[in-house]
Amino acid sequence: MARRIAYILLVLFFAVGCESSPTMVIRGTAPTECNGLNVYLVPQPFPKAEQVDSTVIRNGRFEFKVDASQVRMSDITISRKSKVPFQRLLVVVEPGELEVEIGEVSHSRGTPLNDELSEWKRVMSEAGNRADELRAEITLQSDEAVIDSLKAEMQRGYQVAGQRTIEIIERNLNPLGGFLYMINERTFDSELRQYLVDLGIEEWKPKREK
């Protein structure tokens with residue numbers, strides 16, 4: 001009986017010891033002109049050289065498999081040797097599989113927090129693009145009433161984007177929400193900042209290690 005109990009304990013020990021940590025697999029595509037170049041996964045917002053991961057682009061594809069036991073923000077970027085334009089891609093490292101496309105406009109999809117991040121980037125991009133269109137239209141106008149109307153539309157667009165940012169932060173008291181809070185904090189008035197602080201967002205705001 002004692003030998004059987006010892007055997008069971010030994011099996012449980014190895015089962016626990018061999019249990020794998022949560023991982024994230026990032027499968028990406030990149031311009032074929034970048035074949036042979038390194039692509040980097042860079043921690044944000046305070047990167048350290050020893051924490052940067054890298055792999056090589058082959059046949060327009062690359063893959064990372066990284067530890068995701070700690071959810072965190074990172075950038076995906078290609079070597080500066082790239083001769084084609086590309087957009088760095090902000091992603092959330094979390095358990096699961098993520099599909100990414102690196103190009104002039106980069107995208108990701110496949111995990112909950114990254115889908116939230118993609119939605120935020122879409123909203124901000126649409127607001128920025130529309131603002132550029134309105135600015136161009138304003139330069140062609142001489143009627144002050146029309147100019148004021150266009151400026152008002154631009155302001156409403158920014159307000160909508162700002163409200164969507166707040167909503168995403170509210171429902172993401174996690175590293176994603178903390179990161180978005182950090183980069184937008186200066187645009188928030190004191191009442192809104194206090195509201196988000198009361199929700200607990202400061203716990204998730206990135207802090208530089210001493």
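The following legends describe close-up views of a predicted model.

**View A. The open sheet of four strands.** In this predicted model, 4 strands are arranged in the order β4-β1-β7-β8, forming an open sheet with mixed pairing. Because β4 (61-67) and β8 (107-109) each have a single partner strand, they stand at the edges, and one side of each is left without a neighbour in the sheet. On average, and with direction ignored, neighbouring strands of this sheet are turned by 20 degrees against each other.

**View B. The pairing of β1 with β4.** Strand β1, which spans residues 23-29, pairs with β4 in the antiparallel sense over 7 bridges. One of the residues to look for is Thr23, whose bridge partner in β4 is Asp67.

**View C. The packing of helix α2 against helix α4.** Helix α2 (residues 112-139) packs against helix α4 (residues 175-184) at an angle of about 25 degrees, the axes being 11 Å apart; the angle is under 35 degrees, and α2 and α4 are therefore roughly parallel to each other. From α2 the contact involves Leu113, Glu116, Leu117 and Trp120, and from α4 it involves Leu176, Leu180, Ile183 and Asn184. Sorted by class, this contact comprises 6 nonpolar, 1 polar and 1 charged residues.

**View D. The surroundings and the N-terminal cap of α4.** Helix α4 is largely enclosed by the rest of the structure, because 8 of its 10 residues are buried, among them Pro175, Phe179 and Tyr181. The buried residues of α4 pack against the strands β2 (38-44), β5 (72-78) and β6 (89-93), and also against the helices α2, α3 (144-170) and α5 (190-199). At the N-terminal end of α4, Asn174 acts as a cap, with a side-chain oxygen 3.0 Å from the backbone nitrogen of Leu176.

How values were computed. Residues numbered from 1 in each chain as written. Predicted model: local features only at pLDDT ≥ 70, side-chain atom pairs only at ≥ 80, totals over all residues. Heavy atoms only, no water. Pairing = 2+ DSSP bridges. Helix = DSSP H or I, 4+ residues; strand = E, 2+ residues; numbered from the N terminus. Axes fitted to C-alpha atoms, helices over the stretch in contact; angles between N-to-C directions. Parallel < 35°, antiparallel > 145°, perpendicular 65-115°, else oblique. Contact = heavy atoms within 4.5 Å. Nonpolar A, V, L, I, M, F, W, Y, C, P; charged D, E, K, R; others polar. Buried < 20%, exposed > 50% of the residue type's maximum accessible area, 1.4 Å probe, protein only. Polar contact = N/O pair within 3.5 Å; in protein donor to acceptor, adjacent residues only side chain to side chain.
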